[in-house]
Every structure is written in C-alpha cells, then in structure tokens.
Amino acid sequence: MNNEELTAELHCSNCDHETIHTLVYAGRLLVSTTCQVCNSQVKHEAIDLRLHYLKDLEHRIATKPRRLLRRFWRAPFSSAISLPKKFMSQPRKIWSEIKSILGRN
Ligand SMILES: [Zn+2]
C-alpha cells in the first residue's frame, strides 16, 4: 500500500499561524502532518495507528455483509456477476493493508 500525500492549510503550533501542511495518509489513516514553512512534523504514533486501523477494519468487516447486500438489492443482476469476484479479492486486499500497517516502524 502506497502512502498518499495531500496538502491542507492547518494551524502550526511552531509558526503560530495557518500554514500549508503536507498530510501523509496510509489508506484512510493520517500518518503525519508536516508544516511546509518550518518543517515541523507531527507523527501519529504507530501504535495508535494500528489500534485505529484494527478498529476501522473491524467495522469494515462487521458492516461488509450488509453493504454487499444493499448493493445486491440495488442491482441484483450485475451484482450477482461481480459479487463472487469482489468477495475473493477482499481478503487479499485487507491482508496487504494489515501487512503494510504492522510493518511500519
Ligand atoms: Zn510551521
């Protein structure tokens, strides 16, 4: 899983005003924010990240059957064709996300 970078205007405690920050995301989780003016970086603790990720994953797994069912009722014919493939590809995708998060230093 590749990290994604976004920029946003946030308050920097070092500069003490609004500056452009680089936000680094792993999936949907914020890993770090870096002020582009003074370069001060806030890293989100790996352990927090892991706990947050596991909670997020738990929620995704818990709500998945309902989400898939909802999609099925909206378009039963096309879902019936694409559903088995989606079911098959999910565990691998989730596993690669877990490896990426747990392998983080
Ligand atoms: Zn700053």
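**View 1. Asp 16 sits out in the open.** With 8 C-beta neighbours inside 10 Å, Asp 16 counts as exposed. Here, "exposed" is for a residue with 12 or fewer other C-beta atoms within 10 Å of its own, "buried" needs 20 or more, and "partly exposed" covers what is in between; the C-beta atoms are placed from the backbone. A quick word on what you're looking at: this is a predicted model, where local features need pLDDT of at least 70 and side-chain atom pairs count only at pLDDT 80 or more, while totals for chains, interfaces and linings use all residues. Residues are numbered from 1 along each chain as its sequence is written. You'll find Asp 16 in the loop between β1 and β2. Its phi is positive, about 60°, even though Asp 16 is not a glycine. Most residues other than glycine have a negative phi.

**View 2. The whole chain, before we zoom in again.** Count along the chain and you get 2 helices and 4 strands. Starting at the N terminus, the elements go β-β-β-β-α-α. Both kinds of element are DSSP runs numbered from the N terminus: helices are H or I with at least four residues, strands are E with at least two. How much of the chain is buried? Buried residues make up 4% of its 105 residues. Now take the contacts between residues at least 6 apart in sequence: 29% of them join residues at least 24 apart. A contact means that the two C-beta atoms, placed from the backbone, lie within 7 Å.

**View 3. Four strands line up in an open sheet.** The order is β1-β2-β3-β4, and the pairing is antiparallel. At the edges are β1 (3–12) and β4, each pairing on one side only. From one strand to the next, the twist averages 25°. To get angles like this, axes are lines fitted to C-alpha atoms (for helices, over the stretch in contact), and the angles run from 0 to 180 degrees between N-to-C directions. Two strands pair if DSSP finds at least two bridges between them. And what holds paired strands together? Strands of a sheet pair through backbone hydrogen bonds, either parallel or antiparallel.

**View 4. β1 meets β2.** These two strands run antiparallel and are joined by 10 bridges. One pair to look for is Thr 7 with its bridge partner in β2, Thr 22. This hairpin has 4 residues between the strands, and Asp 16 from the opening view is where phi turns positive, near 60°.

**View 5. β2 meets β3.** Strand β2 (residues 17–26) and strand β3 (residues 29–35) are antiparallel too, with 6 bridges. Which residue of β3 stands opposite His 21? That's Cys 35. Elsewhere along the pair, Tyr 25 stands opposite Leu 30, and Ala 26 stands opposite Leu 29.

**View 6. Gly 27 at the turn.** Gly 27 is found in the loop between β2 and β3. The hairpin of β2 and β3 has 2 residues between its strands, and Gly 27 takes a positive phi near 65° there. Buried or exposed, where does Gly 27 fall? Gly 27 is partly exposed, because 15 other C-beta atoms lie within 10 Å. Look for Asn 3 as well: Gly 27 and Asn 3 are 24 residues apart along the chain, yet their C-alpha atoms are separated by 7.0 Å.

**View 7. β3 meets β4, with Asn 39 in between.** Strand β4 (residues 41–43) runs antiparallel to β3, and 3 bridges join them. Among the residues to spot here is Thr 33, whose bridge partner in β4 is Val 42. Asn 39 lies in the loop between β3 and β4. In this hairpin, 5 residues come between the strands, and Asn 39 takes a positive phi near 70°. Like Asp 16, it's worth a second look: Asn 39 has that positive phi although it is not a glycine. Asn 39 counts as exposed because it has 9 C-beta neighbours inside 10 Å.

**View 8. Ile 94 and a partner from far along the chain.** Ile 94 belongs to helix α2 (residues 76–102). Ile 94 counts as partly exposed because it has 14 C-beta neighbours inside 10 Å. Find Leu 57 next: Ile 94 and Leu 57 are 37 residues apart in sequence, and 8.1 Å apart in space from C-alpha to C-alpha.
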